[in-house]
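Me: I would like to go through how the parts of this chain are told apart and what is found where they meet. Please give me the reasoning behind each term.

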Amino acid sequence: MTKLKWGMIGGGEGSQIGPAHRLGAGLDGEFEFTAGALDHRPEAGRGYGQRLGLEADRAYGDWREMLDGEKARDDRVDLVTVATPNATHYEITKAYLEAGFHVLCEKPMTMTVEQGEDIVRIAQAAGKICAVNYGYTGYSLVRHMKAMVARGDLGQIRLVKAEFAHGHHADAADADNPRVRWRYDPAQAGVSAQFADCGIHALHMASFVTGQEVEKLSADTVSCIASRELEDDAMVNFRMNGGAVGRLWTSSIAIGRQHGLTLQVFGEKGGLRWAQEQPNQLYWMPLGERLQTIERGEANLSPEADRTTRVTIGHAEGMPLAFANIYHDLAEAIRAEKEGRAMDPAANLYPRAEDGLRSMAAVFAVAESGKADGKWVDARPPMMR
């Protein structure tokens with residue numbers, strides 16, 4: 001099988017997210033790291049790219065140079081990952097889609113709802129994949145939760161409870177740390193801090209697993225550290241289009257919480273609970289029966305879970321493996337397009353531009369509701385109402 005060619009923008013030396021993408025993209029041998037513009041400092045980016053094995057003429061100084069260089073090649077990259085600062089996502093993603101490249105963009109996909117709608121339209125017009133890296137949906141047991149809900153194991157879904165809370169920004173004395181401060185500065189972060197950073201992961205997870213979309217929400221947002229202009233804690237109630245009620249808590253000042261992404265789904269016939277810090281176990285409580293622990297990698301799970309299990313049962317599954325499942329899905333989608341065939345349904349689960357758009361609409365809805373003492377706000381993008 002000929003490898004697909006992959007390029008990356010951002011994710012340079014010292015980046016938190018860059019190594020996870022490179023590990024995930026390379027795990028299955030489906031993508032070859034071929035091109036990159038890895039740093040906002042051109043020479044640093046070129047040098048780091050070459051140390052990672054890129055040819056000198058494909059270790060670019062910036063994303064525009066990479067776009068011009070790759071457009072002119074017969075062996076241009078098949079997929080471009082955008083892992084740059086949030087405010088640059090829209091411009092870069094738009095340019096590459098319009099030039100005919102498939103794109104995987106880090107979240108948030110854009111900074112405004114209008115930009116998000118523009119990306120959706122451009123991707124549709126270009127006939128190109130625009131995926132958004134809600135990478136936690138790549139975990140095997142998250143895929144199994146989705147399959148259980150879809151096949152009716154839980155019956156009608158009544159309630160979803162999602163959390164993404166940590167305590168890593170709880171020290172008020174750290175407020176002037178530039179790596180922390182920008183997150184709570186509207187000039188750099190936009191209208192939301194903690195919800196836009198972490199809450200949208202939890203909200204997307206709720207929609208991904210249940211197959212329902214958020215229609216309206218009510219938010220209580222607060223800056224527990226008074227010097228912050230944007231929220232560091234939020235509690236969001238929401239209603240979904242399939243009738244489910246949702247509760248979401250996200251926080252950056254919850255001392256003692258480390259990562260804190262958890263999801264619980266309650267239906268008329270049973271309930272599920274999964275936590276990203278213990279991703280190998282899914283807890284399933286059928287109505288009137290005993291609590292069961294579903295182990296990742298055990299026999300007789302769903303095709304969605306089987307496809308995304310990487311290591312044998314009892315061994316740890318981590319974030320780069322979840323990212324690898326997103327890249328595995330994208331490789332299948334790109335190959336299906338090249339070969340003119342239908343995708344494997346178990347692979348057709350990668351998050352799309354529409355998901356990024358819904359998340360951005362939710363960010364603005366939370367900001368509006370929080371300023372209005374929890375007023376219920378329509379959380380749908382205008383083009384989806």
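**Two domains and their contact**

Reply: In this predicted model, the domain assignment of the chain gives domain 1, residues 4-133, and domain 2, residues 139-311 together with 353-378. The contact draws on 18 residues of domain 1 and 16 residues of domain 2, and the domain centres, taken over C-alpha atoms, are separated by 27 Å.

Me: What does UniProt place at residues 5-134?

Reply: The unreviewed UniProt entry places there the feature "domain: Gfo/Idh/MocA-like oxidoreductase N-terminal". That span is 40% helix and 19% strand, and its end C-alpha atoms lie 22 Å apart.

Me: How much area do domain 1 and domain 2 bury between them?

Reply: They bury about 1300 Å², with 67% of it on carbon and sulfur atoms. On the domain 1 side, K107, M111 and V113 supply 37% of the area buried against domain 2, more than any other three residues.

Me: Why is the pair K107 and D197 called a salt bridge?

Reply: The term requires a side-chain nitrogen of Lys or Arg within 4 Å of a carboxyl oxygen of Asp or Glu; the closest N and O atoms of K107 and D197 are 3.5 Å apart, so the pair falls within that cut-off. The count between the two domains is two salt bridges, and four residue pairs across the interface are in polar contact.

Me: Which element gives the most to the side of domain 1 that touches domain 2?

Reply: That is α5, with six residues; α5 (113-126) and β5 (130-132) each supply at least two. By class, this side has nine nonpolar, six polar and three charged residues.

Key:
Residues are numbered from 1 along each chain as its sequence is written. This is a predicted model: local features need pLDDT of at least 70, side-chain atom pairs count only at pLDDT 80 or more; totals for chains, interfaces and linings use all residues. Side-chain values use heavy atoms; hydrogens and water are left out. UniProt positions are given in the numbering used here, feature names are shortened, and annotations may be inferred rather than shown by experiment. Helices (H or I, at least four residues) and strands (E, at least two) are DSSP runs, numbered from the N terminus. Domain bounds come from an automatic or database domain assignment. Contact means heavy atoms within 4.5 Å. Buried area is the accessible area (1.4 Å probe) that two parts lose on being put together, summed over both. A polar contact is a pair of N or O atoms within 3.5 Å; within protein, one must be able to donate a hydrogen and the other to accept it, and residues adjacent in sequence count only if both atoms are side-chain atoms. Ala, Val, Leu, Ile, Met, Phe, Trp, Tyr, Cys and Pro count as nonpolar, Asp, Glu, Lys and Arg as charged, and the others, Gly among them, as polar.
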